[in-house]
Amino acid sequence: MVADPVPPQIPPPASDNTEASEVITIKIGHVLNEESPFHAASLKFAELVSEKSGGSLQVEVYPSALLGNDRELAEGLQMGTVDAAVCDSSTVTGFCPELQLFSLPYLFKNSEHVYEVLDGEIGQELIDMFYEQSGIIGLAWGENGWRQETNSIHPVTCAADMQGLKIRTMEISCHLDYWKSLGADPTPMAWTEVYTALQQGTVDGQENPVQTIYTQKVYEVQKYMSMTNHVYAPMLMMMSESLWNKLTEEQQNICKEAAKEACAYERQFVSDLEARAIKELPDLGVELLTNDQIDTESFRVAAAPIIEKYGTEMGVMDLVSQIQAIGEKY
């Protein structure tokens with residue numbers, strides 16, 4: 001069982017220095033385009049915050065890295081130069097190594113398993129850890145989605161098919177080790193460089209959630225896609241501590257409630273978008289293999305030692321064990 005969560009040491013509201021009539025503008029940024037779930041979540045957050053605050057809080061949304069890339073957004077949150085942001089949790093693991101547990105391959109069984117973990121005590125415990133180590137307020141967990149493999153060389157139906165493929169990955173140690181264990185050549189690269197690298201054949205493939213492959217038009221430069229569901233990538237909606245301190249307790253609660261509702265909305269948005277993408281991608285020239293056409297067990301076998309190694313190194317094997325225990329019902 002999960003231990004009783006320790007209440008997060010989030011600073012108290014500065015209720016005496018915020019006038020009731022003052023309108024506070026919150027600028028929220030993300031790196032994806034205006035068709036993305038991150039943008040949908042940000043717009044819903046803006047709508048809900050304005051509605052719930054009676055207009056005393058207004059949110060402006062800045063997509064497509066207009067406020068900076070993921071690292072710049074996170075560093076801006078720490079410095080107070082960015083008010084709020086929506087990021088894949090993997091991009092802020094440098095501030096809280098424990099969040100790397102979401103990078104462990106095949107840790108989760110399915111989306112129901114994920115949501116039970118994120119929306120429960122473990123999810124709150126991780127948000128508390130993140131605040132304690134980074135000084136950034138985690139508001140709510142949203143979704144980036146299940147990561148899938150694409151390439152321009154051949155279909156991938158089992159772990160052995162990854163042999164020799166040069167695949168773009170994020171610069172995350174357990175990802176690199178996992179792909180190496182499959183015989184692939186993982187190549188870390190900034191997302192802004194990926195499309196051109198795929199187009200020019202600098203790398204053979206990449207791995208990302210369906211919605212990213214679809215909305216960022218990765219399908220234009222990749223022929224094969226396999227629904228490997230190898231890693232689940234949560235999104236984290238965040239706010240700077242400096243802005244948080246300027247809000248009244250009521251305004252803080254409004255932001256939390258709005259974030260949770262926006263993230264729930266965004267999860268459904270992702271589900272609907274992925275269903276549409278899976279239906280349309282074959283007509284866009286992609287040879288798509290669904291999860292039931294994949295030898296998932298061959299990938300799970302390769303993932304087991306990676307989970308053990310990195311779960312131990314990160315000091316999160318207790319959390320990993322709790323997550324796997326929850327997954328037994330799925």
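Asp 177 is partly exposed, with a relative accessible area of 22% (buried means under 20%, exposed over 50%, and partly exposed in between, using a 1.4 Å probe and protein chains only). This is a predicted model, where local features need pLDDT of at least 70 and side-chain atom pairs count only at pLDDT 80 or more, while totals for chains, interfaces and linings use all residues. Residues are numbered from 1 along each chain as its sequence is written, and side-chain values use heavy atoms, with hydrogens and water left out.

So what does Asp 177 pair up with? Its salt-bridge partner is Lys 309, with the closest N and O atoms 2.9 Å apart (a salt bridge is a side-chain nitrogen of Lys or Arg within 4 Å of a carboxyl oxygen of Asp or Glu). Lys 309 sits in helix α10 (residues 296-313) and Asp 177 in helix α5 (residues 173-181), so this pair links distant parts of the chain, 132 residues apart. Helices here (H or I, at least four residues) and strands (E, at least two) are DSSP runs, numbered from the N terminus. Like its partner, Lys 309 is partly exposed, at 39% relative accessible area.

Side chains of opposite charge can pair when their charged atoms come close. By the rule above, the count here is nine salt bridges.

Now for a pair tucked away inside. Asp 88 and Arg 147 meet in a salt bridge at 3.9 Å, N to O. Asp 88 belongs to strand β3 (residues 84-88) and Arg 147 to strand β4 (residues 136-151), so the pair ties together parts that are 59 residues apart in sequence. Are these two buried or exposed? Asp 88 is buried, at 6% relative accessibility, and Arg 147 is buried too, at 2%. Add Glu 207, and salt bridges that share partners join the three residues into one network.

For a pair within one helix, look at Arg 71 and Glu 75, whose closest N and O atoms are 3.3 Å apart in a salt bridge. They are four residues apart in helix α2 (residues 70-79), so about one helical turn separates them. Arg 71 is partly exposed at 46%, and so is Glu 75 at 31%.

Next, the empty spaces. Rolling a probe the size of a water molecule over the atoms shows where empty space is left. On a 1 Å grid over the protein atoms alone, a cavity is a set of points where a 1.4 Å probe fits but cannot get out, and a pocket is an open set with protein on both sides within 12 Å along at least five of seven lines; lining residues have an atom within 4 Å of a point. The structure holds two cavities of 30 Å³ or more. The largest has about 40 Å³ of space, and Asp 88 and Arg 147 are among the residues lining it. Strand β8 (residues 224-240) gives the largest share of that lining, four residues.

The second largest cavity has about 30 Å³ of space, and its lining includes Thr 150, Tyr 219 and Val 286.

Finally, the largest pocket holds about 720 Å³ of space. It is lined by 26 residues, and Asp 70, Thr 91, Arg 168, Met 170 and Trp 191 lie nearest its centre.

How values were computed
Points joined across faces, edges and corners; volume = space filled by probe spheres on them.
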